[in-house]
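Me: Please walk me through this model. I want each label set against its criterion.

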Amino acid sequence: MSVDSAPTLSAQGFLFDMDGTLIDSTLCIEKIWRNWADRQQIDFSAILKVMHGRRGEETIALVAPHLDAKAETARLIAEELQSLEGNVAIEGAKAFLEALNPEQWAVVTSAPRQLALAKLAFVGLPTPKHLIGAEDVTLGKPNPDPYLQGASLLQLPATDCIAFEDAAAGIRSAHCAGATVIAITHAAGADSTGLAQYQTCDFTRIKVDHTPSGLTVRIQA
């Protein structure tokens, strides 16, 4: 649905993906994975088709099942922790998060907790009180578990939450959990799944209001 036709949405809580949604990290992440692909002599285009939104271990299991996915992911995470330069906050994300009560939102990311907190701090975004990271779930995105657990941290059913996502795997995860999905298209482009109810480039056109019954969101044209 286009932003022009988006009505006012109501929710009790917000669930945010991180990479590509709160942080424009695409070029940094793809550079690290491209270098890894070169070292492993793997076609990077095959990785690019599945990597965004997924945990590192699950990506490696898909593209290089002969490798030790846990060990390789640990190396990639260590490299990313040393390569934060170039990550920037998605426009409007800081003001949007700062307008929320810490109890009203959670980050639901495929990055491990240490990396997620480092990246959020590096780009100047608030530290979330509630966070689901790679190590907190048995099955990562596109399985619904991450968003179900994120909603649980807010003591809410996912159906009472709005999820902000960018990648196909994450949109599928949030949708399958029952959340209303707003696709942030700045990094990944338009939703390719058709499952996001609404789309907008960044957070500058999303207005949030606090009401006695929860939160309302308007996506402005």
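**Cores, salt bridges, pocket and backbone**

Reply: The largest nonpolar core counts 34 residues, and those with the most contacts inside it are Phe14, Phe16, Leu22, Phe164, Ile182 and Phe203. The model is predicted: local features need pLDDT of at least 70, side-chain atom pairs count only at pLDDT 80 or more, and totals for chains, interfaces and linings use all residues. Residues are numbered from 1 along each chain as its sequence is written, and side-chain values use heavy atoms, with hydrogens and water left out.

Me: What makes a set of residues a nonpolar core?

Reply: The set must consist of buried Ala, Val, Leu, Ile, Met, Phe, Trp, Tyr and Cys residues, joined through side-chain atoms within 4.5 Å. Buried means under 20% relative accessible area; exposed is over 50%, and partly exposed lies in between (1.4 Å probe, protein chains only). In soluble globular proteins, nonpolar side chains tend to be buried together.

Me: Which residues does Leu22 touch, not counting residues up to four places away in sequence?

Reply: Leu22 touches Phe16, Asp17, Val88, Ala89, Ile90, Ala93, Leu97, Val107, Leu120, Leu125 and Phe203. Contact here is heavy atoms within 4.5 Å. A second, separate core has 19 residues, including Leu15, Ala106, Ala177 and Ala183.

Me: Why is the pair Lys119 and Asp19 called a salt bridge?

Reply: A salt bridge needs a side-chain nitrogen of Lys or Arg within 4 Å of a carboxyl oxygen of Asp or Glu. The closest N and O atoms of Lys119 and Asp19 are 2.5 Å apart, so the pair qualifies. Lys119 sits in helix α6 (residues 113-122) and Asp19 in the loop between β2 (13-16) and β3 (23-24), so the bridge ties together parts 100 residues apart in sequence. Helices (H or I, at least four residues) and strands (E, at least two) are DSSP runs, numbered from the N terminus.

Me: Are Lys119 and Asp19 buried or exposed?

Reply: Lys119 has 0% relative accessibility, so it counts as buried. Asp19 has a relative accessible area of 18%, so it is buried as well.

Me: What makes Lys129 and Glu103 a salt bridge?

Reply: Their side chains meet at 2.2 Å, N to O. The limit is 4 Å, so the label holds. Lys129 lies in the loop between α6 and β6 (131-132), and Glu103 in the loop between α5 (93-98) and β5 (105-108), so the pair ties together parts 26 residues apart in sequence. Lys129 is exposed at 53% relative accessibility. Glu103 is partly exposed at 40%.

Me: Which salt bridge does Lys141 form with Glu165, and where do the two residues lie?

Reply: The closest N and O atoms of Lys141 and Glu165 are 2.8 Å apart. Lys141 is in the loop between β6 and α7 (145-153), while Glu165 is in strand β7 (residues 161-165), 24 residues apart. Both Lys141 and Glu165 are buried. Asp17, Lys141 and Glu165 are linked in a network of salt bridges. The structure holds 10 salt bridges.

Me: What is special about the peptide bond from Lys141 to Pro142?

Reply: That bond is cis, with omega near 15°. Pro142 lies in the loop between β6 and α7.

Me: How do you know that Gln41 and Gln155 are exposed?

Reply: Gln41 has a relative accessible area of 76%, so it is exposed. Gln155 reaches 74% relative accessibility, so it counts as exposed too. Phi is near 55° for Gln41, a positive value in a residue other than glycine. For Gln155, phi is near 60°, also positive in a non-glycine residue. Gln41 is in the loop between α1 and α2 (44-48). Gln155 is in the loop between α7 and β7.

Me: Why is Arg172 called partly exposed?

Reply: Its relative accessibility is 39%, so Arg172 counts as partly exposed. Arg172 lies in helix α8. Leaving aside residues up to four places away in sequence, Arg172 touches Pro142, Thr193 and Leu195.
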